[in-house]
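Visitor: Please take one pair of neighbouring elements and give me a close look. How do they sit against each other?

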Amino acid sequence: MALSSLATLCSSPPVSAVRDSPAVSNLNGLSPVADDAAAPSAFLRSGGGGGGGGDLKEIKQLHCCVAKKGPTHNNELIAKCAEVGTPESLDYALKVFEGWKEDECVAGSLFVCNSLIRACSFAGLGERAILVFVRMLEMGVMPDKYTFPFLLSACTKVSWFREGVQVHGAIVKMGFAGDMFVANTLIHFHFECGDVVDGRRLFDKMPERNVVSWTSLICGYSRRDCPKEAVSLFFDMPNGHMVSALVDMYMKCGAFVTAKRIFDCCVERNLVLYNTIMSHYVKRGMAREALAVLDEMLEQGPQPDRVTMLSAISASAALNELFFGKACHGLAKWIYHYTEENAIERDMLLDTAFVDMFGRCGDPKMAVQIFEKMEKRDVSSWTAIICAMATEGNGKQALELFKEMLTQGVEPDDVTFVGLLTACSHSGLVEQGRRLFQSMEEVYGISPKVVHYGCVVDLLGRAGLLEEALDFIKSMPIEPNDIIWGSLLSSCRTHKNVEIAAYAANRIPELTSDRTGIPVVLSNIYASEGKWSEVAKVRLKMKERGMHKVPGSSSTEVNGVVHQFSSGDESHPEMSRIALMLDEINCKLRDAGHVPDLRNVLLDVDDHEKKFLLSRHSEKLAIAYTLISTGQKMPVRVVKNLRTCSDCHTYAKLVSKVYDREISIRDNNRFHFFKEGFCSCGDFW
DNA sequence: ATAGGGTTAG
C-alpha cells in the first residue's frame, strides 16, 4: 500500500506543480469501447440518463473521445466519473488517473484531483481518496487549500486516525494550517477519530472562528459525551445562531423541555435548527407539533429542504388520531407537490420515502410513477414498491417486481420478505408464499423472525387452511406471540371454525392487549354462530380486566377537512342529509338485488334492529357523506380502523357501480379498491 | 469547500 510513503512525499514536494503537455494520452491498456467521435462536452451536458450501468457506458464512450483528442479531455473524463460517484466509476477514474505520466499533467489537473478526492469522500471511500492524494504528489501536482477538507473528511468517515494524522502533518508542513476551512475539518477529525483535547487545542489556537468551528466543537463534545463542555461553550458563543447542535444534544439525552426552551428563545432560527426540532417531534410521535413547525417555516422561512420533507412524510404517517397510523392522502399529495413546485432536491432517500408514503395512503399509481422515474434504487426502494403492491392486494405485480429486483442484482433483506409474504397472503398465492418462505433461509440466508412466521400463518389462515396454519404454529422454533394467535383467530372468523378459534384463544396466555383486539374477535366469532352465552363470558372477562371494545370508526377527507364517523354516530352536523342519502342508497341497492347480511351484526337483537345497525356502520356513513359532498366523478377515500365487514364490502362494490364512483377503503391491514361493481381484492381478504 | 438535520416492518 502506498500509504506508508505519504509522509516522505509530503516532506519533499516536487517542484513544479502544473505543466503543459500536448502529449498523446496514454490510456494504460484500457481500450475504448466505441469509436464515436462526439465532443466529450456533449456527453457532459446530456447529464442525467438511466441507471448506474448506463452512466458507465457513457463514461467509456467519453474515454474513446479522450483517446482521439488528447489528454486535455482526461479532465472531463475524470470529472464525469466523479459526478457519477459510484465505486465502479471511481475505480475507472482512478485507473485512467494512474495511467497519467508526469509530463501529461495539464492545466487544471489540480482541480481534477480535488474533485476526485471529493467524490471519494462523498462515497465514503477513504482509501481511494488517499491514493489519489499520494498519486497527485508523485506526479508533482501540488495540493491547495481545497484539497485538504475533502481528504480529511474522507479519513474521518472511515475513522482512519493514523492516515489523518499524517495528513495533518502535511498540512502543517505545506502551510495550510491557518486556513479556516482546513482548521475546521481538523477539529472535526480530532473529535471524531482522536482526542477531544487535541481538537480543543486546535480550536483555541484559531485566530478567528466561524459558525462551523463552533458547531464542530459543540457537536464533537456532545457526541463524545461531554455535555457540560458543550453547554458552557454555548454561553461563550459570539452569536446565537448555532443552537441546533445544542438542541439536538438535549433532545438526544431526553431533556426535551430544555431543548424546547432553547428553541423558543432562539430568534434567528435557521434551517437545520428547524429540521432538528421537527425530526425530534416526529421521533416522539408528536406529528401535529412537527407539522406546526413546518407551518411556521412556510410562514416566515427558511425554505424547507429535502430533510424537512422527509420529516414531514414521517409526520404524515404518524398522524394516527384521524388516520389510524395510515398516512393521510391529502397531506401526502401536498408534500409531494410542494417538493415539485419548489424544486426541492430529490435523492434516492426522498423518492423512496415518497413511494412508501403513497403506497400507504392508497395511491399505488403515484407510488409506481415515482418508482419508475427513479435513477437509482436500493433494497429499501424495491421493498417500498413491493409493499405498496402488497397493501393494494396486487400480489402478482409484487412478485414480478421481486424478480426484476433480483435481475438487477439487488439483494433482498428481511423487510422485503415481509412485503412479499403479505403480498402473497393478500392475493391468496399460497404456494408462492410457501416457496418464498422456504427460500428466505435456504437461498438468501435470512433467518425468519416472528413477523415472517406471522405472515405465513396469515397466508394459510386466509386461504382457509386452518389446520395447516395451526400445525405450522406448533412447529415454530420461536414462541408464537399474541399477534400470531390473533391472526389465526381472525381467519377462524372468516372461515367459521369455532373449534380452532377456541383452541387459539386458550393459547393466548392472557387476554391482555387491548391493541390486538383478540377478545373482540373471539366474541364476534361466537356471536356470528349465535352462541350468545359464550359471547357473554368473553364480554364479562373483558369487563373484569377493564378492557373496552375499540369502536369501529371511519374517516374521509372532503376538501381538505377530515370527517370522522363511528358506527351509529349521529353527531355529524349534516346528519339529516346523510340519513336521507343512506335511505336513497339502500333503495337503489335493494333494487339491484342486495340483501343485507345480518350475520355481521354481533348483538343479540331482532332482525329489524339488526338491519338498522348494519345500515349505520361507520364506513357506510363515511361513504354517504362523501357522495353528497363531493363532485360527480371524485373518488371516495375511506380509512377504517378495524377490518371492514363483508356487508360493507358488498355495499361498497354496489355503490361503486350504481353511483359510478371509485371507492377505496383502507382497513386495518390493506386497501380495497372498488370500481364498477368489483373490488381489487377479488373478494379474497 | 469544512458541520449540523434524514427513510424502513403485519
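Guide: In chain A, the crossing of helices α16 and α18 is left-handed, meaning that the near helix is turned anticlockwise from the far one by less than a right angle (clockwise would be right-handed). This is a predicted model, where local features need pLDDT of at least 70, side-chain atom pairs need 80 or more, and totals for chains, interfaces and linings use all residues. Residues count from 1 along each chain as written, chains are lettered from A and ligands numbered from 1 in written order, and side-chain values use heavy atoms, without hydrogens or water.

Helix α16 covers residues 271–283, and α18 covers 306–317. Their axes (lines fitted to C-alpha atoms over the stretch in contact) come within 9 Å and cross at roughly 20 degrees. That makes the two helices roughly parallel (under 35 degrees).

Which residues of α16 and α18 meet? From α16 come L271, N275, M278, S279 and V282. From α18 come V307, T308, S311, A312, S314 and A315. Contact means heavy atoms within 4.5 Å. By type, the residues of this contact divide into 6 nonpolar, 5 polar and no charged. Here Ala, Val, Leu and Met are among the nonpolar; Asp, Glu, Lys and Arg are charged.

Now the setting. Chain A has 36 helices and 6 strands. Of its 685 residues, 50% are buried (under 20% relative accessible area, 1.4 Å probe). Take the contacts in chain A with a separation of 6 or more: residues 24 or more positions apart account for 65% of them.

Conventions
Helices (H or I, at least four residues) and strands (E, at least two) are DSSP runs, numbered from the N terminus. Axes are lines fitted to C-alpha atoms, for helices over the stretch in contact, and angles run from 0 to 180 degrees between N-to-C directions. Angles under 35 degrees count as roughly parallel, over 145 as roughly antiparallel, 65 to 115 as roughly perpendicular and the rest as oblique.
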